[in-house]
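The following exercises introduce a protein structure step by step. Each consists of a task and a worked solution.

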Amino acid sequence: MPLRLRLLASAAAGQSTPVTQERAIELPDETREIRIGRRTDIEVPLPYPSLSGLHARLVRDGSGWQLEDLGSTNGTRLDGEPLAPHSPRAVRPGAQIAVGPVQLVFDGPAPPGRGSERTASIARRLVNDILAASPDAGAPALALVEGVPPGAPLRLAAFDRRYLIGRGETCDLRLVSDEISREHAAIVRRWDGVFVQDLGSKNGISVNEQTAGEVRVRDGDLVRIGPAVLRLSDPADRYLRELEGEEDRAGTGRSRPITLRTEPQRRARPARASGAPRAAIAVATGVLVIVVAAVLMLALGS
């Protein structure tokens, strides 16, 4: 049976609004370690700024499961009791785990449930919960940058729906050009990201100038369809990327700005006469002496 944890809907999650619904997270039964934190490459990624990148972990040993705080900033509690950092404590099914303000229940081995999440999608689902409660949040959108007459951006409001792009009148995003097929490409918003697919068009598609058949597109990527260039805006992807950037800076230390050091100005010194002017003066003096001597000799001879 898979291992299951539940994220409780009452969790404040470090945001101004709570998580909108309880979510179950399932992991394979053979899992030996379950890392919890805001990093996106771990078993239970919880994308909340109040959590550390690696906040806590569950480890299976011969006697069962142990919970360990990994030196997190906001601490870990097991059934209300705070854990000392790096001091594992036994945990049993049904135990409540608090990582910072986020509340989890460790169910342990449990029958597969409907609506349970996998690691690949849980972070984006939670980000969508956060963004859905924010007035300025929005679904991913594909907007025209250049190449054909502009139209309204294509908003990817529904999950798992194929939005058609082409010159046909029935397309969700119509791009009028003879170089674009009637149904040129499809774009789909899934829980693990946004994907674009070429539909066997004559001129193909590219993402960031790389030819593509079917590929995931991320926030800010440029999709070329014939002469049309479109840019994807994906708030969830942007949110996760910013969290990853914060984690990178926390792990390596913020780089200090480089200050260019200038040499202190030296006081101007009087210019020293070079060798060339001195030689000229000496020659002129010698010529003057010869001229004076010649004049005296002529005077004496007369």
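**Exercise 1: A pocket and its lining**

Task. State the volume of the second largest pocket and determine which strand supplies the largest share of its lining.

Solution. The model is a predicted one. The second largest pocket has a volume of about 160 Å³. The next step is to list the residues that line this pocket: Ser63, Gly64, Trp65, Gln66, Ala90, Val91, Arg92, Pro93, Phe106 and Pro109. These are then assigned to strands: β6 (64-69), β9 and β11 (102-109) each contribute at least two residues to the lining. The largest share, three residues, belongs to β6.

**Exercise 2: The surroundings of β6**

Task. Determine whether β6 is largely enclosed or open, and identify the strands that pair with it.

Solution. Begin with burial, for which the cut-off is a relative accessible area under 20%. Five of the six residues of β6 are buried, so this strand is largely enclosed by the rest of the structure.

Next, consider the pairing. Strand β5 (residues 56-61) runs antiparallel to β6, and six bridges connect the two. They form a hairpin with two residues between them. Within this pair, Leu67 of β6 has Leu58 opposite. β6 also pairs with β9, again in the antiparallel sense, over three bridges. Here the residue opposite Leu67 is Arg89 in β9.

Finally, place these strands in their sheet. It is an open sheet of five strands, in the order β4-β3-β5-β6-β9, and its pairing is mixed. Its edge strands, each paired on one side only, are β4 (44-45) and β9 (89-91). A parallel pair is found between β3 (residues 33-37) and β4, with two bridges; in it, Gly37 faces Pro45 of β4.

**Exercise 3: The loop after β6**

Task. Is Thr73 buried or exposed?

Solution. First locate the residue: Thr73 belongs to the loop between β6 and β7. Its relative accessible area is 69%. The cut-off for an exposed residue is over 50%. Thr73 is therefore exposed. A distance completes the description: Thr73 and His55 are separated by 18 residues in sequence, and their C-alpha atoms are 8.0 Å apart in space.

**Exercise 4: The six-stranded sheet**

Task. Give the strand order of the open sheet with six strands, and describe how β7 is joined to β10.

Solution. The order is β2-β1-β11-β10-β7-β8, with antiparallel pairing. At the edges stand β2 (23-27) and β8 (81-82), each of which pairs on one side only. Strand β7 (residues 76-78) is antiparallel to β10 (residues 95-99), and three bridges join them. In this pair, Leu78 has Ile97 of β10 as its bridge partner.

**Exercise 5: The nonpolar cores**

Task. Which residues have the most contacts inside the largest nonpolar core, and which helix gives the largest share of that core?

Solution. The largest nonpolar core contains 34 residues, and Leu46, Leu58 and Val99 have the most contacts inside it. Helix α1 (residues 119-132) provides the largest share, six residues. Apart from this core lies another, with 22 residues, including Leu142, Ile187, Ile205 and Leu230.

As a last step, examine Leu58. Beyond its neighbours within four places in sequence, Leu58 contacts several residues, among them Leu5, Ile36, Trp65, Leu67, Val91, Ile97 and Phe106.

**Exercise 6: The protein as a whole**

Task. State how many helices and strands the protein has, and what percentage of its residues is buried.

Solution. The protein has three helices and 22 strands. Of its 302 residues, 40% are buried. The accessible surface amounts to about 17700 Å², and carbon and sulfur atoms account for 52% of it.

Notes
Residues are numbered from 1 along each chain as its sequence is written. This is a predicted model: local features need pLDDT of at least 70, side-chain atom pairs count only at pLDDT 80 or more; totals for chains, interfaces and linings use all residues. Side-chain values use heavy atoms; hydrogens and water are left out. Two strands pair if DSSP finds at least two bridges between them. Helices (H or I, at least four residues) and strands (E, at least two) are DSSP runs, numbered from the N terminus. Buried means under 20% relative accessible area, exposed over 50%, partly exposed in between (1.4 Å probe, protein chains only). Accessible areas come from the Shrake-Rupley method with a 1.4 Å probe; for residues, only the protein chains shown count as cover. A nonpolar core is a set of buried Ala, Val, Leu, Ile, Met, Phe, Trp, Tyr and Cys residues joined through side-chain atoms within 4.5 Å. Contact means heavy atoms within 4.5 Å. On a 1 Å grid over the protein atoms alone, a cavity is a set of points where a 1.4 Å probe fits but cannot get out, and a pocket is an open set with protein on both sides within 12 Å along at least five of seven lines; lining residues have an atom within 4 Å of a point. Grid points are joined across faces, edges and corners, and a volume is the space filled by probe spheres set on the points.
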